[in-house]
Amino acid sequence: MNNIRITKQFSFETGHALYGYDGKCKNVHGHSYKLSVTVIGKPIGDSTNVKFGMVIDFGDLKKIVKEEIVDVFDHATVFNKNTPHVELAKELSDRGHHVILVDYQPTSEMMIIDFSKKIKKRLPDNIKLHSLKLQETETSFAEWYEEDN
């Protein structure tokens, strides 16, 4: 059987601020992110398998990405915990806001690396993560490809 790529798209709203940045993104702001997840594998050849002909059930891929990314990051504010933003994060959290502290500057580039690690851990052994595309705005996005890493 041939390898086939399967892509599922997701949307979520996330706020962030870039500590030390020299432009507007140093301020707390948000994006309507679009995440495209592409996996690669061979369609299941066993005609007795309920998933016969599928590389992976879109529902199974959706479950992984929702649990690891969308449900965690949607309507959250992300800060680098290794900066003074940790004080703002604590204040927001104390006021009931959903805050995520990460070990990196929460740019699209760094977020997509984090997402790739989280998704890869959950995929079945016969399915490989091929690529991710994280769109921050209509005209700005970061892409991650397994072959580049």
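Visitor: Which residues does valine 37 touch, not counting residues up to four places away in sequence?

Guide: In this predicted model, valine 37 touches Ile6, Thr7, Lys8, Phe10, Leu61, Val65, Ile119, Leu129, Ser131 and Leu132. Contact here means heavy atoms within 4.5 Å.

Visitor: What makes Val37 stand out in the largest nonpolar core?

Guide: That core has 31 residues, and Leu35 and Val37 touch the most other members. Among the elements that each supply at least two residues are strand 1 (4-16), strand 2 (29-41), helix 1 (58-73) and helix 3 (108-122). Helix 1 gives the most, with six residues. A second, separate core has five residues, including Ala17, Phe79, Ala89 and Val99.

Visitor: Why are strand 4 and strand 6 called edge strands?

Guide: Each of them pairs on one side only. The open sheet has six strands in the order 4-3-1-2-5-6, with mixed pairing. From one strand to the next, the twist averages 30 degrees.

Visitor: How do you know that strand 1 and strand 3 pair?

Guide: Pairing requires at least two bridges. Strand 1 and strand 3 have three bridges, in the parallel sense, so by the definition they count as paired. Glycine 15 stands opposite threonine 77 in strand 3.

Visitor: Which strands does helix 3 touch?

Guide: Helix 3 packs on the sheet and touches strand 1, strand 2, strand 5 and strand 6. The direction of helix 3 makes about 150 degrees with that of strand 5.

Visitor: Why is the pair of phenylalanine 12 and tyrosine 33 called stacked?

Guide: The centres are 5.4 Å apart and the planes 20 degrees. Rings pair within 6.5 Å, and planes under 30 degrees apart count as stacked, so both values qualify. Phenylalanine 12 lies in strand 1 and tyrosine 33 in strand 2, so the pair ties together parts 21 residues apart in sequence. Both residues are buried.

Visitor: What makes the pair of phenylalanine 73 and phenylalanine 115 edge-to-face?

Guide: For this pair the angle between the planes is 70 degrees, at 5.0 Å centre to centre. An angle over 60 counts as edge-to-face, so the label follows. Phenylalanine 73 belongs to helix 1 and phenylalanine 115 to helix 3, so parts 42 residues apart in sequence are tied together. Phenylalanine 73 and phenylalanine 115 are buried.

Visitor: How do you know that lysine 133 lies over the face of phenylalanine 141?

Guide: Lysine 133 is at 4.1 Å from the ring centre. The distance limit is 6 Å, and the charge must also be within 35 degrees of the ring normal. Lysine 133 is listed as lying over the face of phenylalanine 141, so both conditions are met.

Definitions and conventions:
Residues numbered from 1 in each chain as written. Predicted model: local features only at pLDDT ≥ 70, side-chain atom pairs only at ≥ 80, totals over all residues. Heavy atoms only, no water. Core = buried A, V, L, I, M, F, W, Y, C linked by side-chain atoms within 4.5 Å. Buried < 20%, exposed > 50% of the residue type's maximum accessible area, 1.4 Å probe, protein only. Helix = DSSP H or I, 4+ residues; strand = E, 2+ residues; numbered from the N terminus. Axes fitted to C-alpha atoms, helices over the stretch in contact; angles between N-to-C directions. Phe/Tyr/Trp six-rings, centres within 6.5 Å; stacked < 30°, edge-to-face > 60°.
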